Amino acid sequence: MIALLIRDLRLAMRAGGGFGLGLAFFLIVVTLVPFGVGPQSDLLARIAAGILWLGALLACLLSLDRILALDWEDGSLDLLATAPLPMEAIVSIKALAHWLTTGLPLVLFAPVFGLLMNLPEAGYKPLVLSLLLGTPALSVIGTFGAALTVGLKRGGLLLSLLVLPLYVPTLIFGAEMARRGVEGLDITTPMLMLAGITCGTIALLPFASAAVLRVNLR
Amino acid sequence: MNLNALWAYANPKKFIQATDRVLPWISILAVLSLVVGLVWGFFFTPEDYRQGSTVKIIYLHVPSALMAINAWLMMLVTSLVWIVRRHHVSALAARAAAPVGAVMTLIALATGAIWGQPMWGTWWAWDPRLTSFLILFLFYLGYIALWEAIEDDDTAADLTSILCLVGSVFALLSRYAVNFWNQGLHQGASLSLDKEENVADVFYYPLLVCIAGFVLLFIALVFLRTQTEIRARRMRALLARERMG
Amino acid sequence: MMPDLGKYAEAVLSSYAVSIVLLVVLVWLSVWRATRVRKQLEDIESKVKRDG
């Protein structure tokens, strides 16, 4: 199990895998937004939390098809399926590897991007906390979407159509938590809801992803 | 009726025979009640003292919104039946219902927007109910797209039914999340069994007829489309056998 | 015969028009595809019977 995780991580590090890509994409989004809405710093400060959350979501989406597609193409997914590891574990490991390579860097660098977006000082802690709580759910849900579309030729666009509606609750609670943090309001309720969603998806969704993957490998 | 007898209709041939027998009646009833309900509602109901004549939109808005949700529920049930008992008709019925549900959602959204313009002064407000319906519409689109994208029928049925299950959970979550996110302009439930005073009787009876019409129309369309799916699948099977032989 | 819709006539009429158009398109597409598939299937079935 750990070997699989290490293998996935190593693959992501090497050969221009998703590791730096997500961050670069995030940076581009943050750079482009002021061009779109204008450079007024008070406006940017107001929408900063939402933009950062949207950027995290899109950066996550961008790297989803890499989770399973490469393994599917070279046949190592079939090998993994015959391994003594249950499919649920494989899927969870895949999601974890995806989070470590895209979600975690985003969380760590979010304060820097917050700086670019003129985020008020009170907002940093809630923002980082909300991303830390929310991005694992994004990875797990994304793995489900990737498992659904793994056998398809033109899966990319379909993948976003399937996954984005599933991201709605996470996005709402995550962005709400960050926004309330910026305004100095109480963040407990959205934080608990966000944590609940993340725990629920981590606990339950791997079963669905594994079932889907088994169907696709049939 | 014995519940076990219901499973007999999971046989495609029997399903086609049975639905062929009832389909004309249901269609006639659907058209009849739709025409009666809408004409009654449009021509013979008074104006609301606050909303003026826009209250007449209710005869389209409420039934279509109801059917938009019920269609998804029906897809959820038939998906479960497919997963548990693997009756092909069930999976195909879910596939047949999805576009109907999507159109119902679209009607609810469109009439809602048109109604909102004079009442709230805006075509679109990020009101919880409107937003949830938009999200529901996205779910329908994803579901239909997944059916279209997969070639193998059984794989498609498996994957879409799991998507339907997962999607239902997330749709419900989104509903509550959206509620939490924004307080709405929307009025509360306009229809419920115990609180009839919500909608005055003059509006209530034609509305019931319209709802019946939408339900019947939905059933007729789902029967017809399921038949089509069964035939299309049989056709593919025959063609494949011919090519092999 | 036409009821007086007052200042909201546009809204009411357009929502009825939009809904009815959508419903008619949906029904028409369903029926059209049903008859087409039914006919194709009959063709193929008769051909299969003739050959086999």
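Here are five short exercises, each with a worked solution, on a predicted model.

**Exercise 1. Get to know chain B: work out which elements build it and how many of its residues are buried, as a percentage.**

Solution. Start with the secondary structure: chain B has seven helices and zero strands. Reading from the N terminus, that gives the order α-α-α-α-α-α-α. Next, burial: of the 245 residues in chain B, 45% are buried. Finally, look at how contacts in chain B span the sequence. Take those between residues at least 6 apart in sequence, and you'll find that 77% of them join residues at least 24 apart.

**Exercise 2. Describe the side of chain B that touches chain A.**

Solution. Count first: chain B brings 21 residues to this contact and chain A brings 18. Now ask which elements of chain B are involved. Helix 5 (128-149) and helix 6 (153-181) of chain B supply at least two residues each. Helix 6 of chain B gives the largest share, with 12 residues. Last, sort this side of chain B by class: 17 residues are nonpolar, three are polar and one is charged.

**Exercise 3. Zoom in on helix 8 of chain A and helix 6 of chain B, and decide whether they are roughly parallel or perpendicular.**

Solution. Two packed helices are described by the angle between their axes and the distance between those axes. Here, helix 8 (residues 155-182) of chain A and helix 6 of chain B have axes 9 Å apart, at an angle of about 30 degrees. Angles under 35 degrees count as roughly parallel, so helix 8 of chain A is roughly parallel to helix 6 of chain B. As for handedness, the crossing of helix 8 of chain A and helix 6 of chain B is left-handed.

Who makes the contact? On helix 8 of chain A the residues include Leu162(A), Leu166(A), Ile172(A) and Phe173(A). On helix 6 of chain B, Leu163(B), Phe170(B) and Trp181(B) are among them. By class, the contact of helix 8 of chain A with helix 6 of chain B has 12 nonpolar residues, one polar and one charged.

**Exercise 4. Now turn to chain C and describe the side of chain B that touches it.**

Solution. Begin with the totals: 31 residues of chain B meet 26 residues of chain C. Then list the elements of chain B that give two or more residues: helix 2 (12-43), helix 3 (58-85), helix 4 (88-120) and helix 7 (201-244). Helix 7 of chain B has the largest share, at 12 residues. To finish, this side of chain B holds 18 nonpolar, eight polar and five charged residues.

**Exercise 5. Inside chain A, work out how helix 6 meets helix 9, then place Ala81(A).**

Solution. The axes of helix 6 (residues 87-116) and helix 9 (residues 188-217) of chain A come within 8 Å and cross at roughly 110 degrees. The range for roughly perpendicular is 65 to 115 degrees, and helix 6 and helix 9 of chain A are therefore roughly perpendicular. Their crossing is right-handed. Met87(A) of helix 6 and Arg214(A) of helix 9 are among the residues in contact.

Now for Ala81(A), which sits in helix 5 (residues 76-82) of chain A. Ala81(A) touches Met87(A) and Leu217(A), leaving out residues up to four places away in sequence. Ala81(A) and Arg214(A) are 133 residues apart in sequence, yet their C-alpha atoms are 8.2 Å apart. Buried or exposed, or in between? Ala81(A) has 15 C-beta neighbours inside 10 Å, so it counts as partly exposed.

Terms used. Residues are numbered from 1 along each chain as its sequence is written. Chains are lettered from A and ligands numbered from 1 in the order in which they are written. This is a predicted model: local features need pLDDT of at least 70, side-chain atom pairs count only at pLDDT 80 or more; totals for chains, interfaces and linings use all residues. Axes are lines fitted to C-alpha atoms, for helices over the stretch in contact, and angles run from 0 to 180 degrees between N-to-C directions. Helices (H or I, at least four residues) and strands (E, at least two) are DSSP runs, numbered from the N terminus. Angles under 35 degrees count as roughly parallel, over 145 as roughly antiparallel, 65 to 115 as roughly perpendicular and the rest as oblique. A crossing is left-handed if the near helix is turned anticlockwise from the far one by less than a right angle, and right-handed if clockwise. Two residues are in contact if their C-beta atoms, placed from the backbone, lie within 7 Å. Ala, Val, Leu, Ile, Met, Phe, Trp, Tyr, Cys and Pro count as nonpolar, Asp, Glu, Lys and Arg as charged, and the others, Gly among them, as polar. A residue is buried if 20 or more other C-beta atoms lie within 10 Å of its own, exposed if 12 or fewer, and partly exposed in between; C-beta atoms are placed from the backbone.
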